[in-house]
Amino acid sequence: RAPSRLTPLARTDAHSAWFLALLVSLNVVDAFHLNVVWPMLPFLVARDVGVKARDVGFYVGVCGAAAPLGAMCGAYAWGRVSDA
């Protein structure tokens, strides 16, 4: 007996090309800080902030933790706004 072929699912949520391009661009912008900012952050902290060489790691950690901390604190407020 030959295996039966499955029929493809119906397209119920087809999006336009503009919507998909927007999603791709948001994904690129979201990864920007990992690929561009993070590798340069120690040099920027050492040069622009003017801290001692032994304190650069601490300030890079503070700068790096600021965005996730802000996202964690802001997520509750945005959740309440979306539920309203």
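A residue is called exposed when its relative accessible area is over 50%, buried when that value is under 20%, and partly exposed in between. These words are used in the legends below, which describe close-up views of a predicted model.

**View 1. The salt bridge between D48 and R47.** A search of the whole structure finds one salt bridge, and this view is centred on the two residues that form it, D48 and R47. The closest N and O atoms of the pair are 2.9 Å apart, and both D48 and R47 are exposed in the sense defined above. Side chains of opposite charge can pair when their charged atoms come close.

**View 2. The three helices of the protein.** The secondary structure comes to three helices and zero strands, so that a reader who follows the chain along the sequence meets the pattern α-α-α as defined by runs of assigned secondary structure. Of the 84 residues in the protein, 7% are buried. The accessible surface comes to about 7800 Å², and carbon and sulfur atoms account for 68% of that area.

**View 3. The largest nonpolar core, with L41 among its members.** Five residues, namely L41, V45, V51, V56 and V60, make up the largest nonpolar core of the protein. The elements that give two or more residues to this core are helix α2 and helix α3, the latter covering residues 56–83. When neighbours within four places in sequence are left aside, L41 is in contact with V60, C63 and G64. In soluble globular proteins, nonpolar side chains tend to be buried together.

**View 4. A nonpolar patch on the surface.** The residues F32, V36, V37, M40, F43 and L44 form a nonpolar patch on the surface, and together they have about 530 Å² of accessible area. One of them, M40, is found in helix α2, which covers residues 32–49. Why does M40 count as partly exposed? The relative accessibility of M40 is 41%, and partly exposed residues are those between the 20% and 50% limits.

**View 5. The aromatic pair of F58 and Y59.** The structure holds one aromatic pair, in which the rings of F58 and Y59 are arranged edge-to-face, with 5.2 Å from centre to centre and 80° between the planes. The arrangement is called edge-to-face because planes over 60 degrees apart are given that name. F58 is exposed, with a relative accessible area of 55%, whereas Y59, with a relative accessible area of 35%, is partly exposed.

Notes:
Residues numbered from 1 in each chain as written. Predicted model: local features only at pLDDT ≥ 70, side-chain atom pairs only at ≥ 80, totals over all residues. Heavy atoms only, no water. Phe/Tyr/Trp six-rings, centres within 6.5 Å; stacked < 30°, edge-to-face > 60°. Buried < 20%, exposed > 50% of the residue type's maximum accessible area, 1.4 Å probe, protein only. Patch = residues over 30% accessible without salt bridge, like charges linked within 9 Å, V, L, I, M, F, W, Y side chains within 5 Å. Areas by Shrake-Rupley, 256 points an atom, 1.4 Å probe, with all protein chains shown as cover. Salt bridge = Lys/Arg side-chain N within 4 Å of Asp/Glu carboxyl O. Helix = DSSP H or I, 4+ residues; strand = E, 2+ residues; numbered from the N terminus. Core = buried A, V, L, I, M, F, W, Y, C linked by side-chain atoms within 4.5 Å. Contact = heavy atoms within 4.5 Å.
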